[in-house]
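Here are my notes on this one, in the order I'd go through it on screen. Have the viewer open while you read.

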Protein chains: 2
Amino acid sequence: MRNTDKNPFGAYIREKRESFRKTDRSFSLRQVAQRIGVEPSYLSKVERGENAPLSEEKILLLALELDEDQDVLLALCGKIGKDVQEVIRKRPLLFAQLIRDLKNLPDHAVLRIIREVRDGKW
Amino acid sequence: MRNTDKNPFGAYIREKRESFRKTDRSFSLRQVAQRIGVEPSYLSKVERGENAPLSEEKILLLALELDEDQDVLLALCGKIGKDVQEVIRKRPLLFAQLIRDLKNLPDHAVLRIIREVRDGKW
DNA sequence: CTTCATGTGTACTGTGTGGTACACACTATA
DNA sequence: TATAGTGTGTACCACACAGTACACATGAAG
């Protein structure tokens, strides 16, 4: 596999950051890097997809910065939030199986379950 | 935290293996180690909780060996199966949210959902 | 023209992961 | 009593993860 492989995370956040930057000069790479707590050179590598992994903590900060969904950004990095992982690990028989059962359901069916759960029907 | 911390995985599989061993001498540490493809000294460290991580692949083999549930053994190691992870990463908005919503539901409620999904009601 | 901010290249680091290789002491057994 | 098998201690290893530190070239702004 090539060095700059097709991981879309870097390109995605770069685009998002630069779009913010058009109206807010505080969204330079350097300043965003400082706000999420990494060196500019490192964020640069991240944005160019140079196999520079971000920790979950930084990804969550970046999601706040760029007004993105945390779970989506984590997923783009191949990760899953620790809180979600913990839910599964505490009741693996239940949750691992449920997820496998839901794997092939279409979105609208999963959404229906979510709605029913939220309505407190359970 | 102490070196041999309170991770229960090692003690758990040791007990299980030794119970098998009472009726089947092929369940010595060495032979099981060979069957799952690690060095005996390493499995020894695993069983004594000496911070010796097993890869998912070996854990799944061990689950077959010891007639244990794969997801449960993985969970005891603080891991989640790659297949389950992939389901979540492919549709993070749906699944991460669903899991958080189900977090505090009692077992029987989750089971009801599983049953309904399996009955094809969705 | 200088000065400041910006993005990037290069080198380096510590910790965790997932192991191997081999020697050692003990035990069962034939 | 040889010897085969058993569990363990010690040393070592490669690679992934998650970065820092600093120099450099460029571009914008005063």
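1. A term to settle up front: a salt bridge here is a side-chain nitrogen of Lys or Arg within 4 Å of a carboxyl oxygen of Asp or Glu. By that rule, B:Asp83 pairs with A:Arg100, with the closest N and O atoms 2.4 Å apart. Between chain B and chain A the count is 8 salt bridges.

2. Housekeeping. This is a predicted model, so local features need pLDDT of at least 70 and side-chain atom pairs count only at pLDDT 80 or more, while totals for chains, interfaces and linings use all residues. Residues are numbered from 1 along each chain as its sequence is written, chains are lettered from A and ligands numbered from 1 in the order in which they are written, and side-chain values use heavy atoms, with hydrogens and water left out.

3. Now the protein–protein side. Contact (heavy atoms within 4.5 Å) links 40 residues of chain B with 40 residues of chain A. The buried area, meaning the accessible area (1.4 Å probe) that two parts lose on being put together, summed over both, comes to about 4,100 Å². Carbon and sulfur atoms give 71% of that area. There are also 14 residue pairs in polar contact between the two chains, both partners at pLDDT 80 or more. A polar contact is a pair of N or O atoms within 3.5 Å; within protein, one must be able to donate a hydrogen and the other to accept it, and residues adjacent in sequence count only if both atoms are side-chain atoms.

4. Which elements of chain B build the side that touches chain A? At least two residues each come from α5 (70–76), α6 (82–90), α7 (92–102) and α8 (107–118). The largest share, 11 residues, is from α7(B). Helices here are DSSP runs (H or I, at least four residues), numbered from the N terminus. By class, this side of chain B has 23 nonpolar, 3 polar and 14 charged residues; Ala, Val, Leu, Ile, Met, Phe, Trp, Tyr, Cys and Pro count as nonpolar, Asp, Glu, Lys and Arg as charged, and the others, Gly among them, as polar.

5. On symmetry: a rotation of 180 degrees with 0.0 Å of shift along its axis puts chain B on chain A, RMSD 0.0 Å. That is the relation of a two-fold axis. The fit is least squares on C-alpha atoms of residues with pLDDT of at least 70 in both copies. B:Ile113 is the residue of chain B closest to the axis, its C-alpha at 4.1 Å. Because 100% of the interface residues of chain B are also interface residues in chain A, the copies meet through the same surface.

6. Next, DNA strand C. It has 22 residues around it, the closest being A:Arg14, A:Leu29, A:Arg30, A:Arg48 and B:Ser55; near means a heavy atom within 4 Å. Sugar and phosphate make up 63% of the strand C atoms within 4 Å of the protein. Phosphate oxygens of strand C sit 2.7 Å from a polar side-chain atom of A:Arg14, 2.6 Å from a backbone N or O atom of A:Leu29 and 2.3 Å from a side-chain N or O atom of A:Arg48.

7. Finally, DNA strand D. Of its 22 surrounding residues, A:Ser55, B:Arg14, B:Leu29, B:Arg30 and B:Arg48 come nearest. Two bases-side approaches to look at: a base nitrogen is 2.2 Å from a side-chain N or O atom of B:Arg30, and a base nitrogen lies 2.9 Å from a polar side-chain atom of A:Ser41. B:Ser28 places a polar side-chain atom 3.0 Å from a phosphate oxygen. The surface near strand D divides into 6 nonpolar, 7 polar and 9 charged residues.
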